[in-house]
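Reader: I would like to work through this model one question at a time, with the conventions set out before any reading begins.

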Amino acid sequence: MRDAWLVALAAGAAGIANAEYHSPPSYPSPWANGAGEWAEAYQKAVAFVSELTLLEKINLTTGIGWESGQCVGNSGSIPRKNFRSLCMQDSPLGVRDTDYNTAFPGGINVGATWDVNLAYLRGKAMGEEHRGKGVDVQLGPVAGPLGRVPEGGRNWEGFAPDPVLTGQMMAYTINGIQDAGVIACAKHFIGYEQEHFRQGSQENYTISDSISENIDDKTMHELYLWPFADAVRAGVGSVMCSYNQINNSYACSNSYTLNHLLKGELGFQGFVMTDWSGQHAGVGDTLAGTDMDMPGDVAFNSGTGFWGANLTIAVLNGTVPEWRVDDMAVRIMSAFYKVGRDTNQVPINFDSWTLDTYGNEYYYAGEGYKQINQHVDVRANHAQVVREIGSRSAVLLKNVNAALPLTGREKYVAIFGEDAGANIDGVNSCSDRGCDNGTLAMGWGSGSDNFPYLVTPEQAISAEVVKNGGAFTAITDSGAIDEAKTIASQASTCIVFANADSGEGYIEVDNNWGDRNNLTLWKNGEAMIDAVAGECNNTIVVLHTVGPVLIEDWVHHPNITAVLWNGIPGQESGNSLVDVLYGTVNPGGKTPFTWGKKRSDWGTDILYVPNEGESAPQQNFTEGIFIDYRHFDKANITPTYEFGYGLSYSTFSFSDLQVQTIPAPPYVPFNGTTKSAPVLGTVLNATAYLFPDYIRRIEAFIYPWITSTNLKAASGDPHYGWPTSKYVPAGAQDGSAQKINPAGGGPGGNPALYDTVAKVTVTVKNTGAVVGDEVPQLYVSLGGPDDAPKVLRGFTRLTLQPGEETQWSTTLTRRDVSNWDVAKQNWVVTNYTKTVYVGNSSRNLPLRSTLLLKL
Ligand SMILES: OC[C@H]1O[C@@H](O[C@H]2[C@H](O)[C@@H](O)[C@H](O[C@H]3[C@H](O)[C@@H](O)[C@H](O)O[C@@H]3CO)O[C@@H]2CO)[C@H](O)[C@@H](O)[C@@H]1O
């Protein structure tokens, strides 16, 4: 336990002193109050927690250790109350580590649909599958990484490098998951923008600490915190603190981001859980705002925990006040009741560590042999959701002379590239999808799940061609360039498939440690495209990539008649694609990121080599709010395809912009005070918490009981007894009434931020001959010298019949037209002239108007 106390001193209390970027302390940790829609759940939680012993409360907060339960994370149980371990399970795209589940499209595809209803349907379906497997907390959705750097390994788990598109998708996904009766977990909080160095110990480098993502206050508020505010407003039950440091304080020890921002300013009422082994301190993390430690052991299978018995000791010796543990338990139980877990929980019927039907409940210890997998089929009709999101996320980047849709009368269709075919080793052959074999339908890491099947493009296209009476050939060996040229010279329609993959940093694929090393295609993609396009004057390129790739060198080739991006579409990949290629679905997806011409165009990059010797690498977000299209706009760089761009088989017009400003009451900084922290129990003498004789220890299991009434001996920590002032920050134990943050006061911040201040209306018309979808996009220029030329503020996906026109309206809130004022520590509407723009991409905005606010 030595490390726990030492790191608490170094990181948890006040940040590391030698750094330029410093995270200010913020204490005490705000306690839940059941505000707004949390009221009923909070009351139930308080009633439940009031009946618990200290050890039972601690069991709620502490994981039982890696591979010590059937889920990827398991809290302790409360047998006396017949309350089982809570089951925490990935992933953001389906139930991980099981069978008879659905493999949904990645978050980036949901972003590309620009359709909040599809986000909801996917969330609901995923929630139902987690519920059916017995999961209490689904570990998703993802708003961190947001996508600062296009090479970021886990960007695809989230939705887009834009806070508004991501924020809306977060909110609707959370609503879907929680409406299904499962607690959602918004992750990873915050600034987790690259895989390299996220866990100091996990890299091939001798660095002592994880990377520090150094973010200024304005950028934090206007960019990275924004989608988490939307998550909190949506009532998310849990938030996962990330592996990285923020301004040189670990995310799960960072009192500023957890206490000040998340629980204070945003008014978060649920619980903060650590990423797996993301905890770095015992007392420090508790006081800094972490509520649940996952998976509970200091290092996987170490058998020691920062909490468990050590949290018991901390309460007994007074370093952690009792009210704080009460609040942790209340937050967890509030989320539990809020989504109805008390009425809809089913037994855990799967095991994360093996698909064998029988095995050990305590996998690591090798104990508790029983049936651990019931192989429950939870898929229902969710394949339809997958197929629909797959097709509706397709972004048609190029389409010359109506090359698409195909008519079905093509005489000879040939497809090329490994990405068209199957993984010859089997669809789930690589653990956590940690390889790029065959067609890419999912990235790798904990954000993945098992495919129940994967319909490849080869299967689906060949079936369609055969059905239509055509001829078909597939060359899925990406090295077979000469053979490809021959076939390409004979075929009437050539479709080349290429991909680019990425994932989580604990797996390396083709020397990519999570983050991509570059933005080129994988598996010889460019060479195959060049070879086929050189021979076939009707070459269609289909891309399955986790984010942008460099296409400028070939996309303008005259023989390349169409380019379609389909992201990572999940198990129905081939079927979704055929729907679009043959026009059953008219593509209406819009690219959720910018396609630059060269890597340097983005202006940000992964830090691949430690820059502070053995100390924590420092990644300064010097670009501020200027990521993706905001940077391209500011630097006046013409991309290949801009954020928000995407073609249709139809055409659309925009006209008649009307901007109606709506008077709103003046913005008043919130002025209020909390009640004092509730104390819900009594702490007994240490003897009451001794490890009981009747319990047989399971190897590496984390327990709440102490081994001795001599607390120093029980801690096993030679440094035990340091003066409290050395590791307990000032004010951290204070449970008296506190002033509420003036930028706070409601879910997602000051309620006045969400006042409507303008209504924007335009006419959108389908001017083509086929039914199709269009996405009117509203951008705002805030007008100041430090502002982006424009920022997305509203969008809706519309379906219009040929010739149909509709009036599309959206509203702007005060937050939408505000800047974060670092001096005032609040949002302000500046006097700079504000402009609204409407169109169908970030660079095709034919309508504009000055916004004259009445505030
Ligand atoms: O799953 C819960 C959260 O976990 C984080 O990722 C961890 C992942 O779940 C886990 O499978 C992986 O374990 C590997 C371990 O790191 C490696 O050393 C060993 O060789 O293989 C293990 C896999 O069998 O560790 C990941 C953390 O390093 C995610 O960040 C988070 O998003 C998940 O919700």
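Author: Helices (H or I, at least four residues) and strands (E, at least two) are DSSP runs, numbered from the N terminus. This is a predicted model, in which local features need pLDDT of at least 70 and side-chain atom pairs count only at pLDDT 80 or more, while totals for chains, interfaces and linings use all residues. Residues are numbered from 1 along each chain as its sequence is written, and side-chain values use heavy atoms, with hydrogens and water left out.

Reader: What percentage of residues 774-842 is strand?

Author: For residues 774-842, an unreviewed UniProt entry lists "domain: Fibronectin type III-like"; UniProt positions are given in the numbering used here, feature names are shortened, and annotations may be inferred rather than shown by experiment. The end C-alpha atoms of this span lie 14 Å apart. Its helix content is 0%, and its strand content is 51%.

Reader: Which residues are the closest to the ligand?

Author: The shell around the ligand holds 19 residues, a residue being near if one of its heavy atoms lies within 4 Å of the molecule. The closest of them are D90, R154, H188, D275 and E504.

Reader: How much of the ligand's accessible area does the protein cover?

Author: Polar contacts (pairs of N or O atoms within 3.5 Å; within protein, one must be able to donate a hydrogen and the other to accept it, and residues adjacent in sequence count only if both atoms are side-chain atoms) are the term to use here. A polar side-chain atom of H188 lies 2.6 Å from an oxygen atom of the ligand, while side-chain N or O atoms of E504 and R198 are at 2.7 Å and 3.0 Å from a ligand oxygen. On its own the ligand has 630 Å² of accessible area (Shrake-Rupley method with a 1.4 Å probe; for residues, only the protein chains shown count as cover). Of that area, the share covered by the protein is 75%.

Reader: Between which domains does the ligand lie?

Author: The shell divides into 8 nonpolar, 4 polar and 7 charged residues, where Ala, Val, Leu, Ile, Met, Phe, Trp, Tyr, Cys and Pro count as nonpolar, Asp, Glu, Lys and Arg as charged, and the others, Gly among them, as polar. Two domains, with bounds from an automatic or database domain assignment, both give residues to this shell, so the ligand lies between domain 1 (3-375 + 698-726) and domain 2 (394-584).

Reader: How many of the residues of helix α9 are buried?

Author: At the start of α9, a side-chain oxygen of N254 reaches to within 3.0 Å of the backbone nitrogen of Y256, and the helix is followed by G267, whose phi is positive, near 70 degrees. Buried means under 20% relative accessible area, exposed over 50%, and partly exposed in between (1.4 Å probe, protein chains only). Among the buried residues of α9 are Y256, L258, L261 and K263. For the helix, which spans residues 255-265, the buried count is 10 of 11.

Reader: Is N74 buried or exposed?

Author: N74 is in strand β1 (residues 73-74), and its side chain reaches the backbone oxygen of C71 at 2.9 Å. Because its relative accessibility is 3%, N74 counts as buried.

Reader: Which peptide bond is cis with omega near 0 degrees?

Author: I190, in the loop between β4 (183-189) and β5 (212-214), is joined to F189 by a cis bond with omega near 10 degrees. P405 lies in the loop between β12 (395-399) and β13 (412-416). The cis bond with omega near 0 degrees runs from L404 to P405.

Reader: What is the phi of N248?

Author: N248 is found in the loop between β7 (245-246) and β8 (249-250), and at 2% relative accessibility it counts as buried. N301, in the loop between α10 (283-288) and α11 (309-316), has a positive phi near 65 degrees without being a glycine. N248 is likewise not a glycine, and its positive phi is about 70 degrees.

Reader: How far apart in space are the C-alpha atoms of T682 and T53?

Author: T682 is in the loop between β21 (652-661) and α21 (711-715) and is exposed, with a relative accessible area of 62%. T682 and T53 are 629 residues apart in sequence, and their C-alpha separation is 7.9 Å.
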